[in-house]
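Student: Could you please take a close look at a single part of this structure and describe how that part is connected to its surroundings? A connected account of pairing, packing and charged contacts would be most useful.

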Amino acid sequence: MWRLILLVTLMGWAGSAFARDVKFESASPAATRPSDGDVMVDLSKANSVRVLALDQPRIKDASYSVVGEVKYTDVTGEGYVEMWSTFPDGARYFSRTLAMQGAMKKLEGSSGWRWFELPFKSKEGVYPTRVDVNVVGSGGKVWLRGGKLAEGIGAWSAADPNAWWGERQGGLVGGILGGSLGVAGALVGLLSGLGRGRRAVMALLGTMIIMGVMLLITGLFAVIMGQGWAVYYPLLLCGVICSAVAGGMMPGIRRKYEELEMRKVGAMDVG
């Protein structure tokens, strides 16, 4: 169990360990430097404005993304932020925020500051020689700030770069924890049903309760720290299930083992 907790901790560190700051800026007449962001783009003056150009970005992982914060007012039509990746053979590929929700949500109407993400996955060993980010739309104003270039599994997380981990990692954490709890519960049920391994079963139940409490404390701490649901939800859910199930099973299983022990003692006396 302690190895599982260590894995979760390491995954949290990994979510922010491979990211570096980038600065959104533009020389376009349609862009200005505002007081509350890196750059402000007026899409009524230009329908596509480059706000980031990274030559030789030194990306060393097949999975990477540009993340940051965006806000906008009165965006008309289908607005979006896009990333173009250029590779050594001259091939170019794009990622665009055209989703209906989440960090890849399109720019439409008005919105306060929110996170956005532009992910891409290339082949192992094939890394981009240039990365460009543009703001595209037919009208309205768009602000950008807090840019980061992230690499690794964490780059696919549609989440705050300051988060312990993102949605994909959160699913992995929940899957690992849930699967481990399922195996532990099945083992407890099997051994207790056979009336064997009393010490091992009680120790396992005790460990599950302790682990559940630790997960609950960590989940509550994540909520207090303002982490997203992808962080606190799997921790709180698995913590509640682990502590409640193990705590609820322990009295009945202990009583069952005591009854079996009494039967054995009674059988010995009769013999």
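Tutor: Two strands are said to pair if DSSP finds at least two bridges between them. The model is predicted, and the part chosen here is strand S9, residues 141-151.

The pairing of S9 comes first. S5 and S9 pair in the antiparallel sense over nine bridges; within this pairing, tyrosine 72 has valine 142 of S9 as its bridge partner. S3 is also antiparallel to S9, and four bridges join these two strands. Here aspartate 42 of S3 is matched with lysine 141 of S9. Strand S1, residues 19-21, forms a further antiparallel pairing with S9 over three bridges, in which arginine 20 stands opposite leucine 149.

S5 also has a partner on another side of this account. Five bridges join S5 to strand S6 (residues 92-96) in an antiparallel arrangement, and the partner of methionine 83 in S6 is serine 95. The two strands form a hairpin with five residues between them, and glycine 90 in the turn has a positive phi of about 90°.

How enclosed is S9? Eight of its 11 residues are buried, so the strand is largely enclosed by the rest of the structure. The packing can be followed through the largest nonpolar core, which has 31 residues; Val51, Val142 and Leu144 touch the most other members. Elements giving two or more residues to this core include S9, S3, strand S4 (48-55) and strand S7 (107-121), while S5 gives the most, with seven residues. Leucine 144 has contacts beyond four places in sequence with residues that include Phe24, Val39, Val51, Val70, Trp113, Phe116 and Val135. Apart from this core lies another, of 22 residues, among them Val188, Val201, Met211 and Cys242.

Charged residues add to the picture. Glutamate 151 forms a salt bridge with arginine 20, and the closest N and O atoms are 3.3 Å apart. Glutamate 151 lies in S9 and arginine 20 in S1, 131 residues apart, and the pair thus links distant parts of the chain. Since buried means under 20% relative accessible area, glutamate 151 counts as buried at 14%, whereas arginine 20 is partly exposed at 26%.

Aspartate 42, the partner of lysine 141, presents another case. Aspartate 42 is buried yet has no salt bridge, and the nearest side chain of opposite charge, that of lysine 45, is 4.3 Å away. That distance exceeds the limit, because a salt bridge requires a side-chain nitrogen of Lys or Arg within 4 Å of a carboxyl oxygen of Asp or Glu. A polar contact of 2.5 Å does join the side chains of aspartate 42 and serine 44. Leaving aside residues up to four places away in sequence, aspartate 42 touches Ala30, Gly140 and Lys141.

S5, which pairs with S9, has a charged link to a neighbouring loop as well. Lysine 71 forms a salt bridge with aspartate 36 at 2.7 Å between the closest N and O atoms. Lysine 71 lies in S5 and aspartate 36 in the loop between strand S2 (31-32) and S3, so the pair ties together parts that are 35 residues apart in sequence. Lysine 71 is buried, at 18% relative accessible area, while aspartate 36 is partly exposed at 31%.

Terms used. Residues numbered from 1 in each chain as written. Predicted model: local features only at pLDDT ≥ 70, side-chain atom pairs only at ≥ 80, totals over all residues. Heavy atoms only, no water. Buried < 20%, exposed > 50% of the residue type's maximum accessible area, 1.4 Å probe, protein only. Lys, Arg positive; Asp, Glu negative; His and termini not counted. Polar contact = N/O pair within 3.5 Å; in protein donor to acceptor, adjacent residues only side chain to side chain. Contact = heavy atoms within 4.5 Å. Core = buried A, V, L, I, M, F, W, Y, C linked by side-chain atoms within 4.5 Å.
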